[in-house]
Amino acid sequence: MAAVTVRRPHPVAVLAFDGVQLLDVTGPAEVFTTANDHGADYRVSVATPGGADVRTSAGVRIGADLAAADLPARLGTLVVPGSPDWRGAVADTRLVGLVSALAGRAARTASVCAGAFLLAEGGLLDGRRAATHWEFAADLAARYPRVAVEADPVFVRDGTVFTSAGVTAGIDLALALVEADHGAEVARAVARRLVVFMARPAGQSQFSARLAPREARHPALRRVMDTVGADPAAGHDLAALARTAGISPRHLSRLFRAETGMSPGRYVESIRLEAAQALLAAGNDPVDTVAEQAGFGSAETMRRTFQQVLGVAPTAYRARFRSTSTA
């Protein structure tokens, strides 16, 4: 990431509001304040619209340092956290206006998770690439068609606007900002102190169901999807699927692309991938057996699919998602 010119001291405003997600606020704040132990000079303030304490979505109250109106005239970084109730947040015209006004005073603006909706509602993401939590990516893209939503990255930079994925991704983003300001050595020191990845080994796709298509409207397509889902390991080539649907292979391909945005083959692969993920997380069968049960045919084919789609190997996926135990 190219360096960003920062002032010393560097004012960081984290905007909190009723219903905000707690870790969206505290995660970035912890990164910036920890960086101060390694030579940075971030002046972190939690600001609320009226200066009063707010209650987070977790029910925990956050104390405000000051009202947003009392923030410095120029900000180094504005952090806009999100709320699980993003619809309620964007319906608050005062909050949206405040975000837009503060962004105009900041050298750079960063959102965490559903905070991207507040930026988008204020027009701050028009014509820009953006990230948000994988569960909200489709909603963000549908509601704000002028935003180029990217579902997989943990965070995205477009000019002086930074957007990040869900919850803990705010820590990843804040680390990247620290690195841009003070170099990789300081960012690594912060990551070590907080016991987090300096950079995650893969994107959001390892957590998400981003390949799952919308529910099909056409009955023939629903029939095909049900058949594949019931037995992912069966022979589901295009001809066999077309016979199940009772339509021509060409017509089936058109239907798949129109209603799911993917080819029949890609859909079958996504179902097999989902089956393999479940088998790896829940069972003890060897990778070869999982590959056969999920319909990949060989462990190597399954490994390639995992790497291409999820960014991790099957064995790494099992280790990462099977248990939190280190024993």
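This passage describes the secondary structure, the central sheet and the helix packing of a single chain.

The model examined here is a predicted one. The chain contains 14 helices and 11 strands, and of its 327 residues 46% are buried. Among the contacts in the chain with a separation of 6 or more, 66% are accounted for by residues that lie 24 or more positions apart. One pair of residues remote from each other along the chain is formed by L175 and F32, which are 143 residues apart in sequence and have C-alpha atoms separated by 8.0 Å. L175 belongs to helix α6, which spans residues 169-182, and its relative accessibility of 2% places L175 in the buried class, for which the limit is under 20%.

Seven of the strands are considered next. An open sheet of 7 strands, with mixed pairing, is arranged in the order β5-β2-β1-β6-β7-β11-β10. The edges of this sheet are taken by β5 (66-67) and β10 (155-158), each of which has a single partner strand, so that one side of each is left without a neighbour in the sheet. Within the sheet, β1 and β2 pair in the parallel sense over 6 bridges, and in this pairing V14 stands opposite V46 in β2. Strand β6 (residues 75-80) likewise runs parallel to strand β7 (residues 106-111), the two being joined by 5 bridges, and here V79 is found opposite A110 in β7.

Strand β1 deserves separate description. In a regular strand the side chains alternate between the two faces of the sheet. In β1 both faces are covered, with H10, V12 and V14 buried on one side and P11, A13 and L15 buried on the other. Since 6 of the 6 residues of β1 are buried, this strand is largely enclosed by the rest of the structure.

Two helices that lie across strands of the sheet can be described together. Helix α1 (residues 22-35) lies across β1 (10-15), β2 (42-48) and β6, and runs at about 160° to β2. Helix α3 (residues 93-103) lies across β1, β6 and β7, and its direction makes an angle of about 155° with β6.

Helix α1 also packs against another helix. Two packed helices are described by the angle between their axes and the distance between the axes. The axes of α1 and helix α7 (residues 184-194) come within 9 Å and cross at roughly 120°, and α1 and α7 are therefore oblique to each other. Their crossing is right-handed, and the residues that meet are E30, V31, T34 and A35 in α1 and V190, R193 and L194 in α7.

A further group of contacts is centred on helix α8 (residues 219-230), which packs with helix α9 (residues 238-245) at an angle of about 125°, the axes being 8 Å apart. The helices α8 and α9 are therefore oblique to each other, and the crossing of α8 and α9 is right-handed. On the α8 side, A220, R223, V224, T227 and V228 take part, and they meet L241, T244 and A245 in α9. The axes of α8 and helix α10 (residues 249-260) come within 10 Å and cross at roughly 90°, which makes α8 roughly perpendicular to α10. This contact is made by L221, V224 and M225 of α8 together with L252, L255, F256, E259 and T260 of α10. V224 of α8 is thus named in the contact with α9 and in the contact with α10.

Two later helices illustrate how burial is distributed around a helix axis. An α-helix has 3.6 residues a turn, so residues three or four places apart point the same way. In helix α12 (residues 287-294) the buried residues are V290, A291 and A294; these cover an arc of only 100° around the axis, which puts them on the same side of α12. On the other side of α12, D288 and E292 are exposed. Just after this helix, G295 takes a positive phi of about 100°.

In helix α13 (residues 299-309), M302, T305, F306 and V309 are the buried residues, and, seen down the axis of α13, they fall within an arc of 100°, so they line one face of the helix. The end of α13 is followed by G311, which takes a positive phi of about 80° just after the helix.

Conventions:
Residues numbered from 1 in each chain as written. Predicted model: local features only at pLDDT ≥ 70, side-chain atom pairs only at ≥ 80, totals over all residues. Heavy atoms only, no water. Buried < 20%, exposed > 50% of the residue type's maximum accessible area, 1.4 Å probe, protein only. Helix = DSSP H or I, 4+ residues; strand = E, 2+ residues; numbered from the N terminus. Arc of directions from axis to C-beta. Pairing = 2+ DSSP bridges. Contact = heavy atoms within 4.5 Å. Axes fitted to C-alpha atoms, helices over the stretch in contact; angles between N-to-C directions. Parallel < 35°, antiparallel > 145°, perpendicular 65-115°, else oblique. Left-handed = near helix turned anticlockwise from the far one by under 90°.
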